[in-house]
Structure formats: structure tokens, C-alpha cells
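Here are my notes on this one, written as numbered points. Keep the 3D view open while you read and look for each spot as it comes up.

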Amino acid sequence: MDDYQKEIADLETQVEQLVEADGDARTIAELSMQLEILKAIYARAIDLFQRGGKDEGLRYGLRIQGYGDWNLDNVYAFVYERSVELEPHAHHAFVGGIRAADFALMLNS
């Protein structure tokens, strides 16, 4: 389990505990949204990381954009930062934007 998976698992546990304890609904909703965003970013980072294992162009794109060598931390940083730059919309549209974004194309542009 990497640090990102641990962060997601810890947040899931926190949400579950709040739900079981009948915690504040607003806090539960906010943490649930944060969890959904982190899961979407992580899934896209893993996908891009795996694709880059077979594509020198993606690895080169990450380096020239200043993220350094091809490793999960650097790919995650790229995906995270590009996700934040997506047009701000309502939560579901934001998560959908992360899921639909072509991060490989962003590396090569």
C-alpha cells in the first residue's frame, strides 16, 4: 500500500466512523467529497503511471514540464496540479472533469 492508498483508506475510515456515530452531516458530506476527489486523482495517476512505463514520450513530457523522473510521486503531483487547474464546477462536474481529462495529452503539449 502506497502513501496515497493509505491516505484514502484513512479518510474512508474517518467517514465511516462519523456515519456510525451520527456525526455532523456537513462534515461527512465534505469529507466524502474530498474522498471522491482523491480517489479520482489517484486512479488517473495510476493509469498514467502505468502507461508511462511503456511510453518514453510520457516520461520525457514529465521531465520537461519540471516534474523530474518517472515515479508515482511525480506523476501524482502532475495529475494533482493539473486537476486543480481544471475549470471549477460543482463537485460532480469537477470529479467528472478529472476522470475525463487526458493527462497523457497534457504531458505532451
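1. A bit of vocabulary before anything else: helices here are DSSP runs of H or I with at least four residues, numbered from the N terminus. With that in hand, find the end of α1: the helix is followed by Asp 22, whose phi is positive, near 50 degrees. Bear in mind throughout that this is a predicted model.

2. Now zoom out. The protein chain has 6 helices and 0 strands, so to read it from the N terminus on you just get α-α-α-α-α-α. Its C-alpha trace spans about 50 × 30 × 20 Å along the principal axes. Of the 109 residues, 32% count as buried. As for contacts between residues at least 6 apart in sequence, 59% of them join residues at least 24 apart.

3. Back to α1, residues 3-20, for a quick sanity check. At 1.5 Å a residue, its 18 residues should span 26 Å, and the C-alpha atoms at its ends are indeed 26 Å apart, which agrees. At the start of this helix, a side-chain oxygen of Asp 2 comes to within 3.0 Å of the backbone nitrogen of Tyr 4.

4. Which residues of α1 are buried? They are Tyr 4, Ile 8, Leu 11 and Val 15. Looking down the axis of α1, you'd see the buried residues fall within an arc of 65 degrees, so they line one face of the helix. The background is simple: an α-helix has 3.6 residues a turn, so residues three or four places apart point the same way. The buried residues of α1 pack against α2 (25-52) and α4 (72-85). On the face turned away from that buried side, you'll find the exposed residues Asp 3 and Glu 20.

5. Next, stop at Gly 23, in the loop between α1 and α2. Is Gly 23 buried or partly exposed? Its relative accessibility is 27%, so it counts as partly exposed. Leaving aside neighbours within four places in sequence, Gly 23 is in contact with Leu 18 and Ile 28. Try the distance tool on Gly 23 and Ala 40: they are 17 residues apart in sequence and 25 Å apart in space, C-alpha to C-alpha.

6. Time for the rings. A search of the whole structure turns up 6 aromatic pairs. One of them is Phe 49 with Trp 70: the ring centres are 6.2 Å apart and the planes are at 5 degrees, so the pair is stacked. This pair links distant parts of the chain, with Phe 49 in helix α2 and Trp 70 in the loop between α3 (56-64) and α4, 21 residues apart. Phe 49 is partly exposed, with a relative accessible area of 29%, whereas Trp 70, at 16%, counts as buried.

7. Another stacked pair is Tyr 76 with Tyr 80, where the centres are 6.4 Å apart and the planes are at 20 degrees. Why are these two about one helical turn apart? Because they are 4 residues apart in helix α4. Tyr 76 is buried, at 9% relative accessible area, but Tyr 80, at 40%, counts as partly exposed. Ring pairs join both of them with Tyr 4 and Tyr 42 into a cluster.

8. On to the interior. In soluble globular proteins, nonpolar side chains tend to be buried together. Here the largest nonpolar core has 29 residues, and those with the most contacts inside it are Leu 48, Phe 78 and Val 79. Each of α1, α2, α3, α4, α5 (91-100) and α6 (103-107) supplies at least two residues of this core. The largest share, 9 residues, comes from α2.

9. Last, compare two residues by their partners, leaving aside neighbours within four places in sequence. Phe 78 is in contact with Leu 48, Leu 62, Gln 65, Tyr 67, Phe 103, Met 106 and Leu 107. Arg 82 lies in helix α4 and is in contact with Gln 65, Tyr 67, Phe 103 and Met 106. Is Arg 82 buried or exposed? At 17% relative accessibility, Arg 82 counts as buried, because the cut-off for buried is under 20%.

Definitions and conventions. Residues numbered from 1 in each chain as written. Predicted model: local features only at pLDDT ≥ 70, side-chain atom pairs only at ≥ 80, totals over all residues. Heavy atoms only, no water. Expected span 1.5 Å × (residues − 1). Buried < 20%, exposed > 50% of the residue type's maximum accessible area, 1.4 Å probe, protein only. Arc of directions from axis to C-beta. Contact = heavy atoms within 4.5 Å. Polar contact = N/O pair within 3.5 Å; in protein donor to acceptor, adjacent residues only side chain to side chain. Phe/Tyr/Trp six-rings, centres within 6.5 Å; stacked < 30°, edge-to-face > 60°. Core = buried A, V, L, I, M, F, W, Y, C linked by side-chain atoms within 4.5 Å.
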